[in-house]
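Work through the exercises below with the sequence and coordinates at hand. Each task is followed by a stepwise solution.

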Amino acid sequence: MNIVLIGIQGSGKGTLVSSLEKHLDLNVISTGQLLRDEVATGSALGKHIKEIQMNGGLVELDIVMDVLNKKLKSNNKKITVFDGFPRNMEQANALDKLAKPDIVIYLNLTKEVAVDRILSRLTCSKCGQIYNTKRINTLVCPNCGGKLEQRFDDTIESINKRFEGFYKDTYPLIDKYKKDNVLFEVDASGTPDQVAETCLRIINEHNN
């Protein structure tokens, strides 16, 4: 089963994935994390990716599909979750050929709430776990002991550009997946547990 998560930055996609992993045996493909891993290597490709992300742009499709293919080849689990991909119609059509989605979950959240969440979030540099500064008062990850830090692209300028890109390029995918009869809209303004419970029910109902 292939599951796609759609939502503006801050809608809780990463937090949701962490919750689902506690209940389901998942192969999680986060293109954002895969690309950030490449940035961390300091390679020429990583520097190219970082420049694009700092400007709030999208990395070229051939680069994204290459890292996706590598990740999928190592998959041995029944459920694959795509976190942060696809982000536009071109990517969606490419994914249809590679791993057509069975379920698409749209985490619906207002921009105002999303911005507040983004500017308050910390990400573990080791395990990728996401925390909110309003709920945690340490820079050490409770999960693995790694360093908690703000993502380099979590600036208000970059955030605004990513939102513009979402409404222009990603939002139209909602109509596509509605027509494909695989879209499920979830209110992402609830607590992480509430959102996870709703999404888990959707997945379980369609995995039997």
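**Core, helix packing and sheet**

Exercise 1. In this predicted model, find what Tyr177 touches, leaving out residues up to four places away in sequence, and then place Tyr177 in its nonpolar core.

Solution.
- Step 1. With those sequence neighbours left out, the contacts of Tyr177 are Ile6, Pro86, Ala92, Pro101, Val104, Val182 and Leu183.
- Step 2. The largest nonpolar core holds 55 residues, and Tyr177 is among those that touch the most other members, together with Ile3, Ile6, Leu16, Phe82, Ile105 and Leu107.
- Step 3. Helix 9 (residues 192–205) supplies the largest share of this core, six residues.
- Step 4. Another core lies apart from it and has six residues, including Leu122, Cys124, Tyr131 and Ile136.

Exercise 2. Determine how the axes of helix 2 and helix 4 cross and which residues meet.

Solution.
- Step 1. The axes of helix 2 (residues 31–41) and helix 4 (residues 61–73) come within 10 Å, and their crossing angle is roughly 100°.
- Step 2. Angles of 65 to 115 degrees count as roughly perpendicular, so helix 2 and helix 4 are roughly perpendicular to each other.
- Step 3. From helix 2, Thr31, Leu34 and Leu35 meet Ile63, Val64, Val67, Leu68 and Lys71 of helix 4.
- Step 4. Sorted by class, this contact has six nonpolar residues, one polar and one charged.

Exercise 3. Give the strand order of the open sheet with three strands and identify its edge strands.

Solution.
- Step 1. The order is 6-5-7, with antiparallel pairing.
- Step 2. Strand 6 (130–132) and strand 7 (148–149) each pair on one side only, as edge strands.
- Step 3. Strand 5 (residues 121–124) is joined to strand 7 by two bridges.
- Step 4. Thr123 is opposite Glu149 in strand 7.

Definitions and conventions
Residues numbered from 1 in each chain as written. Predicted model: local features only at pLDDT ≥ 70, side-chain atom pairs only at ≥ 80, totals over all residues. Heavy atoms only, no water. Axes fitted to C-alpha atoms, helices over the stretch in contact; angles between N-to-C directions. Helix = DSSP H or I, 4+ residues; strand = E, 2+ residues; numbered from the N terminus. Parallel < 35°, antiparallel > 145°, perpendicular 65-115°, else oblique. Contact = heavy atoms within 4.5 Å. Nonpolar A, V, L, I, M, F, W, Y, C, P; charged D, E, K, R; others polar. Core = buried A, V, L, I, M, F, W, Y, C linked by side-chain atoms within 4.5 Å. Buried < 20%, exposed > 50% of the residue type's maximum accessible area, 1.4 Å probe, protein only. Pairing = 2+ DSSP bridges.
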